[in-house]
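Me: Got a minute to go through this one with me? I'd like to start with how the chains meet.

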Amino acid sequence: MALKALDIYKLLPKKNCKECGDPTCLTFAMKLAGGKADVDLCPYLDDNAKSVLGASTRPPIRLVKVGVGERNFKVGEETVLYRHEKTFYHPPGIVFKVDDTQPDEEIAAITRRVRDDTLTRVGSELRFNGIAIENTSGSAERFAHAVSVVEQQQAHLPPVLITTDPAALSAALVHCGSYRPLLHAATSGNFKEMCSLAKLHGCPLVVRADTAEGLVRLVKDCTAEGIQDLVLDSAPENLGAFLVRSTQVRQLAITRAVPEFGYPVYLDCEKTGFQDAGLVLGISKYASVIVTRPLTPGPAKAALTLRQNIYTDPQKPIQMTPGLYRVGTPDKNAPVLMTVNFSLTFFTLQGYLETSRVPCFMLIVDTEGLSVLTAVAAGKLNEGLVRDTLKKFSVENEVTHRKLIIPGYAAPISGRVEEATGWKVLVGPRDAAEIGDYLHETWKKEAGA
Amino acid sequence: MTYDLAFGWTGTIGTVTLGATKADGGSRKVSWQIGGGTTLPFMEPPPSSPSPLIAFEICDNPDYWSPIIRNYCGDIVSSPAEWAKAAEQSYGADIVRLYLTSTKARNFSDIASVGKTLEAVLGATGLPLIIEGSNEPKIDSEVFLKCGEAGQGEKLLLGTAEAGRYRSIAAAALAYNHAIIAQSPIDINLAKQLNILLREIGVQRDHIVIDPYTGSLGYGFEYSYSAMERIRFSALKGDADLAMPMICSPADTLTIKEVREADAKDIDDVAIAWEFYTGLAAAAAGAEIICVRHPKTIGMLRAAFADMKKLPAAAEVR
Ligand code: B12
Ligand code: SF4
């Protein structure tokens, strides 16, 4: 039941006061129609307009921000069930969990690890997102102390506070209340107290119930208390329950069939009994906040990579701008290596070139983001493209030789490239891992010749 | 108000039988039927769809295999029969996938040895088999005919047919009643086209397993995942030419940078994680045979699949 921009405009105050951040009521109406703004941004709406617009213009899944500062993360605002229909927008925050019964040093070490660990892939820095502290001890003081240990590391990570005891939560919030921690969880038993703490500190709140009916009721209860930033925990007791409930929530939310499901989903992998499988399914099947025990190097890298893959739009490969790139400070005799503008290819090759310590030029041609093999197979990597790119970036002014190293997988076009460019073409290895040896041996001989 | 999911699918994934027991004229201890799904993966109410099968990959010339696996499995890798036996008895696989890597050797011509290897493997394990022939077009048809013949009656799964080279595999499959793997490069239309080509030369739909090509995690998996989902949905929407079960075969996993160059102390951990994360995500996208090379990935996948089959009592998905 999406409203058109003009219908929405009719309901707006038409003051053009700009307080919503838009220059006019009409432009604000257009944003609302596209699901790109929140009705609450206009302070002058009457109740009737609010209720009509609220239901039909807000994004089907609310955007919820967890944490503050540089490491905050935003989740929600997804629009599809299958990524090929459009794409997934907001990658899940993956947070490492500690118990408040763990020794301080352990808690501190895990916090620092989340603060510092990064995996660089395809030019992006991939990181875990926060620290969850669980009130395993049952003691409010111990819980508050554990949270203070996390905060003392100056990591500025979004905290997730896990306790159903409002007293413990209240004690913990003394240490991190102004950092927008995610509170877990409001249940049918405690939601009033949890809501008042969430309101007092302006925090997002997880609601937990193990049935669809229970979740819907809790969402109604909490929104009635004035809490908007909710996250849903369907308390899956196994992986099957997670798959079904998470799919249910996503599907019924995006079709707006059950507006109470229009919030991001929370998953504590440990509660399913399967840490790695929980991560895989959480990432691919709609979880937005994923809580896990600290991961060993293998699963840590695999989880970050899977998240990057699932949240990359397959319609738009990540691309480099074509051009002449330098590795080190190459001189006029330095080798020139040609490759494609698919980011994964570029960064893989660049990594090995840096390790080889041979200063060189990388000539990036525009294959519209296709890898070498794919571009050759699709006919996108051809002699005309190579000739034009050499010209466009005036490579002949950068080096005195006329020798171009092409990828091993581009061997089929080597003859034609030689003809079209007048440059001598050297076919390099297929695997970029061998480029160091190649430059040290074959290129050296070639350059001396 | 009900919160059940209703997708209104009209199609069903076709079934394929792998392996023949004595009763069916073979010598396998078990025979598997895959396919039959009517909705999203893992959302069928029990017992209508089985868990995905876990295939353990071995080869007959380990020079072409990852050193991670050679180190982990030990000397056994030089005997395909011993290795296949371990796959069944120690590692707990559902299927053994034998790559005839010996055919990659320069000027390979000992076709008889291929038949002998297959016979030895058939004798060593009671599991159904997948056979990967040569990638060499020149010897393809001889290799496949030999395999087809040596495995006659066993309901093998022969791989891998591609658009440019499918005739020799199809011929062997047709002559000896085996099923075949049809691979296309991550493209739903190409997958469909190849299935049609195969049908035109007489391969029945219930003898085809689709391989939509699995790019490794970090190296193309973002495409493979969606290709699998799209094939599954097209099938459920009623496209019979795509309504075959799928195989996930992430063959490059152990050679990508992150795995190959991992610290020695972590290398098994990384290899297993890479296989597990890829295989499980592919299963969630609809793949029904998951291939792995590290023995330790098998148990992890099996436990996860069993848990994914546990549905909450009230759930209904149509
Ligand atoms: C993901 C993928 C796709 C994605 C595209 C990804 C992309 N952005 O390019 C999609 C799904 C779109 C796709 C499409 C196609 N694909 Co495709 N695809 C792949 C896959 C699985 C991975 C590619 C990849 O990301 N590789 C990783 C990058 C880093 O590799 P790379 O660019 O080659 O770089 C390496 C080396 O070349 C080297 N290197 C790079 N630069 C340089 C430079 C120098 C100087 C040197 C020395 C070395 C060097 O270093 C890198 C690391 O070693 C491959 C299979 C595979 N294992 O390669 C098939 C593959 C490349 N695709 C294939 C095909 C046929 C196609 C299609 C033509 C199919 C079709 N008709 O639709 C289309 C073409 C695209 C189009 N028409 O638009 C075939 C190619 C067959 C062949 N041997 O020619 C492959 C091999 C799959 C197969 N076995 O069938 N594909
Ligand atoms: S704040 Fe409200 S009244 Fe003011 S311009 Fe925006 S929509 Fe119009």
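Reply: Sure. This is a predicted model. Between chain A and chain B, 16 residue pairs are in polar contact, both partners at pLDDT 80 or more.

Me: Which helices of chain A supply at least two residues each to the side that touches chain B?
Reply: α8 (212-224), α9 (239-254), α11 (275-284), α12 (297-310) and α13 (343-356) each do.

Me: And how do the residues on that side of chain A divide by class?
Reply: 28 are nonpolar, 13 polar and eight charged.

Me: How many salt bridges does the rule find across the interface?
Reply: Three, between chain A and chain B. One of them pairs the side chains of A:Asp431 and B:Arg260, with N to O at 3.0 Å.

Me: What area is buried between the two chains?
Reply: About 4,000 Å² for chain A and chain B. Carbon and sulfur atoms give 67% of that. In residues, 49 of chain A are in contact with 43 of chain B.

Me: Switching to ligand 2. Which residues are around it?
Reply: The cysteines there are A:Cys17, A:Cys20, A:Cys25 and A:Cys42. The list also has A:Pro13, A:Lys15, A:Asn16, A:Lys18, A:Glu19, A:Phe28 and A:Pro43. By class, the shell has seven nonpolar, one polar and three charged residues.

Me: Now chain A overall. How many helices and strands?
Reply: 18 helices and 17 strands. The C-alpha trace of chain A spans about 80 × 60 × 40 Å along its principal axes.

Me: What share of its residues count as buried?
Reply: 57% of the 449 residues in chain A. Among chain A contacts with a separation of 6 or more, 64% join residues 24 or more positions apart.

Conventions:
Residues numbered from 1 in each chain as written. Chains lettered and ligands numbered in written order. Predicted model: local features only at pLDDT ≥ 70, side-chain atom pairs only at ≥ 80, totals over all residues. Heavy atoms only, no water. Contact = heavy atoms within 4.5 Å. Buried area = accessible area lost by both parts, 1.4 Å probe. Salt bridge = Lys/Arg side-chain N within 4 Å of Asp/Glu carboxyl O. Polar contact = N/O pair within 3.5 Å; in protein donor to acceptor, adjacent residues only side chain to side chain. Helix = DSSP H or I, 4+ residues; strand = E, 2+ residues; numbered from the N terminus. Nonpolar A, V, L, I, M, F, W, Y, C, P; charged D, E, K, R; others polar. Near = heavy atom within 4 Å. Buried < 20%, exposed > 50% of the residue type's maximum accessible area, 1.4 Å probe, protein only.
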